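This report looks at the enclosed and open spaces of one protein, and then at a helix and a sheet. Please keep the sequence and the model at hand while reading.

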Amino acid sequence: MTDEARSGSRAHGSPASRAHGSPADGGRGSVPVHGTWEPLPAARWEDAFLSGNGTHGVMVFGDPDDDRVIVNHHRLVRPNGSSDARPPELADRLAAVQDRLLAGDVRAGEDFTDGRPLLWVQPFHPAFQVRVRRPAGEPRDYRREADFTSGVVRAVCGDRRGEVFVSRADDVIAQYVTAPGPAAEVALDHRLPGAPGDLAVEHGAVRTPEGALLTLLARYPGSDLAYTGVTLLVTDGVTRPAPSGVRVEDARSMLLLTRVRRHPGGPDVLAELRALRELLTGTGTGTGTETSAETEAETGAGPGTEDVERAYARLLARHTALHRAAYLRVTLDLGADPAERALPGSELVRRPKSPALLERLFAAGRYHLLSASGTLPPRLTGLWTGDWETAWSGAFTTDANLNLQTASAAAAALPEVTEAHAALVHGQLPHWRDNARAVFGARGVVAPAHTDGESGHTCHLSRDYPLHVWTAGADWLLKPLVDHDETRGGRDPRLAAALAETARFYEDFLTRTDEDGHLVIVPSYSPENRPANAGRVTVNAAMDLSAARHALCTAAAYHPGPDAERWLALADRLPPHRVNAEGALAEWARPGLLDTYDHRHLSHLYGVWPLDEINPYDTPGLAAAARRALELRGAENDSAHGHLHHALVAARLRDAGRVANALDAVLAGDFFHVSLMSGHYPNRHVYNADAAHTLPAVLIEALIQSTPRRLVLFPALPAGLPSGELRGIRTRFGARADLTWTPDGATAVLRPGRTCRVELRTPSGARPLSLNAGEDRVLTLGPR
């Protein structure tokens, strides 16, 4: 391996400055197509193309005769009684159950509940669909495409064209329709699968100078909460009332601006109208009047075709400036066959060995992750659903899925995702404090395993799923925020405060010791598994040990001084991990507890990924035991998150074969819908974002890994990817990295933002590497 310093201007340029193919170019450029396309409209909502800004989301069917756009919003959760649920008050029973568990009663924890049945958090649901119906046109060439660089979903059929995007700049859904024909009907339709029959729905439609204003108010049964959708229709045609909405005649174009709000009481429709009008010109049109929408319909002439087009173009430009810059920060090129790049997604997903498929899934996963993150991070379904009956409430499952989906955020230069994750965490800290006090009688914080995005109270628990005794959650959820701080080279004071609260919890909770004088984590739980010879509530789960150690040491790093000394001393008293009789890292460090291997979760390997506690360089013995644990682990029910979690751990252990096998299981298992959103199980069963959002992280971890003091290049590159280019990766020591590789060798270009010294690990060995801020470093590696 050789290297050279290169200072001065950035010779390679930024990703946005290089030419990128568009969905329409058929992949003829030298880089992968940043989009996907289909020759037919979507027949199922699962196959609808997606757009979103992290708050609003849309699912676009693209039917030129019945143009349907399902509207979603991160805050739309259906009241079910769980919002008032509180964590179980068990602190006065804690000492007794600890005594029994430490005395060898392996079933003692089964009664450590308040007897409540399993209560699901408020389920996520769709709002309604915007429908533009018009007489059937003659069959013509059809194309439906999603442009990842702009977030625009487009359908073209002859002279009919529909475009939809969700503005990251203005938080509005913009739908632009050209050649709607001599007559078209526009309506807001709440009738989606699973919609409650007792949902009280009120529709409104009035003419305005722009065209019309459509509203839909839906009141949840048995609740004072409701949600309201408002669509401002801007058209150069003539609008007339229609039974289902409005009828538009003799129009050449239409622009529909839509927002939805969840609220108590009644909506302020006029305020929403004024806000939407401001977006048309940016001059505050309509903000000073208190006249009704009906009287406003009699004033002024409607807009012309060019006015509609200009308004749409202005909104799109404002949005694209934000979205495109974020999306293009990182790109992957695997040198795929241009003919395969040009295939529609429905054909490409049937070629699981194609590099073009991995290219497109990497791009789609990055696009969907960015689009789903804003007000909140991605749910189990991202930001989208077309059915009111979402699996697992469409919530945030925090003991695995959320962190897996956001695993690429720091390295793949998506601070928008991390900021959304931080918004969820910091918004729920008061509830986390309630959990610590109620269950453990402790200060500090304990995170729930499930949340709807509103309540952070631990209320989803049962005898079979004792999620209330899982104490690793706060560290697990704060770890991505620590990675973000390391990447950007600063410390968020909010994170510092939360880390201190996590450490204080352990100060109060870690009071029991074993016969060797080590502190004991009791009760303890390894999501969502159990020992083969004991109950689920037990002692010293490996994940709990790793989390406690990491939380205490990280809090100490953020708070030097007496607190740090005390927390580090506490961490030193925790017991080591145990290697079982089969040579595997045991899921429970308590002697005598037998492993259950066939399970989808890999919680016990938390020390390998995402932590740096166990690795082949500093702890080779434990790394070998972790690798043996991975070899023995089954796939249980073939959940996508299980396969890709396996791949992330394997990449950290430099096991390229296992990374490839896990990817093969997902790519060959028919996990991906035509939309390139994924299923939870094989054969696209249960709409779920785990595979779609996690796959980019797997590819990145196989190519490059970093800590504040180490850079690892090509640790687990699958043999099926002999050539490629990955650009724009961020490291945790503050450098940007571009990688290029072929069978003959590889090159890494590092662009450090701060001066540092790290250990460089490559397939050929290790050596120290000094980096100077502003001075590019080119590393050349020989054949692999």
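## The largest cavity

In this predicted model, the largest cavity is lined by 25 residues, and those that lie nearest its centre are Ala407, Ala410, Asp483, Arg652 and Glu701. The space inside the largest cavity comes to about 380 Å³, and a search of the whole structure finds seven cavities of 30 Å³ or more.

Several elements contribute to this wall: α10, α15 (640–652), α17 (690–703), β25 (704–707) and β27 (724–730) each supply at least two residues of the lining of the largest cavity. The largest share, four residues, comes from α10. Sorted by class, the lining of the largest cavity holds 12 nonpolar, seven polar and six charged residues.

## The second largest cavity

About 130 Å³ of space lies in the second largest cavity. Its lining has 13 residues, of which Asp612, Asn615, Arg652, Gln705 and Thr707 are the closest to the centre. Arg652 is therefore a residue to follow in both places, being listed among those nearest the centre of the largest cavity and among those closest to the centre of the second largest cavity.Strands β25 and β26 (710–713) each supply at least two residues of the lining of the second largest cavity, with β25 giving the largest share, three residues. By class, this lining has six nonpolar, four polar and three charged residues.

## The two largest pockets

The largest pocket has a volume of about 720 Å³. It is lined by 29 residues, and the closest to its centre are Glu486, Asp612, Pro708, Arg709 and Arg732. Helices α10 (473–488) and α12 (542–558) each supply at least two residues of this lining, and the largest share, seven residues, comes from α12. The lining of the largest pocket divides into 13 charged, eight polar and eight nonpolar residues.

For the second largest pocket, the volume is about 290 Å³. Among its 20 lining residues, Trp120, Trp392, His450, Glu528 and Arg600 lie nearest the centre. The classes in the lining of the second largest pocket are 10 polar, seven nonpolar and three charged residues.

## Helix α15

Helix α15, which supplies at least two residues of the lining of the largest cavity, has 13 residues and reaches 19 Å from its first C-alpha to its last, close to the 18 Å expected at 1.5 Å a residue. Because 13 of the 13 residues of α15 are buried, the helix is largely enclosed by the rest of the structure. Just after α15, Arg654 takes a positive phi of about 65 degrees.

## A seven-stranded sheet

An open sheet of seven strands follows the order β3-β4-β5-β6-β11-β16-β15, and its pairing is antiparallel. At the edges stand β3 (49–52) and β15 (238–242), each with a single partner strand, so one side of each is left without a neighbour in the sheet. From one strand to the next, the twist averages 20 degrees.

Within this sheet, strand β4 (residues 56–60) and strand β5 (residues 66–73) run antiparallel and are joined by five bridges. Val60 stands opposite Val69 in β5.

Notes:
Residues are numbered from 1 along each chain as its sequence is written. This is a predicted model: local features need pLDDT of at least 70, side-chain atom pairs count only at pLDDT 80 or more; totals for chains, interfaces and linings use all residues. Side-chain values use heavy atoms; hydrogens and water are left out. On a 1 Å grid over the protein atoms alone, a cavity is a set of points where a 1.4 Å probe fits but cannot get out, and a pocket is an open set with protein on both sides within 12 Å along at least five of seven lines; lining residues have an atom within 4 Å of a point. Grid points are joined across faces, edges and corners, and a volume is the space filled by probe spheres set on the points. Ala, Val, Leu, Ile, Met, Phe, Trp, Tyr, Cys and Pro count as nonpolar, Asp, Glu, Lys and Arg as charged, and the others, Gly among them, as polar. The expected span of a helix is 1.5 Å times one less than its number of residues. Buried means under 20% relative accessible area, exposed over 50%, partly exposed in between (1.4 Å probe, protein chains only). Two strands pair if DSSP finds at least two bridges between them. Axes are lines fitted to C-alpha atoms, for helices over the stretch in contact, and angles run from 0 to 180 degrees between N-to-C directions.
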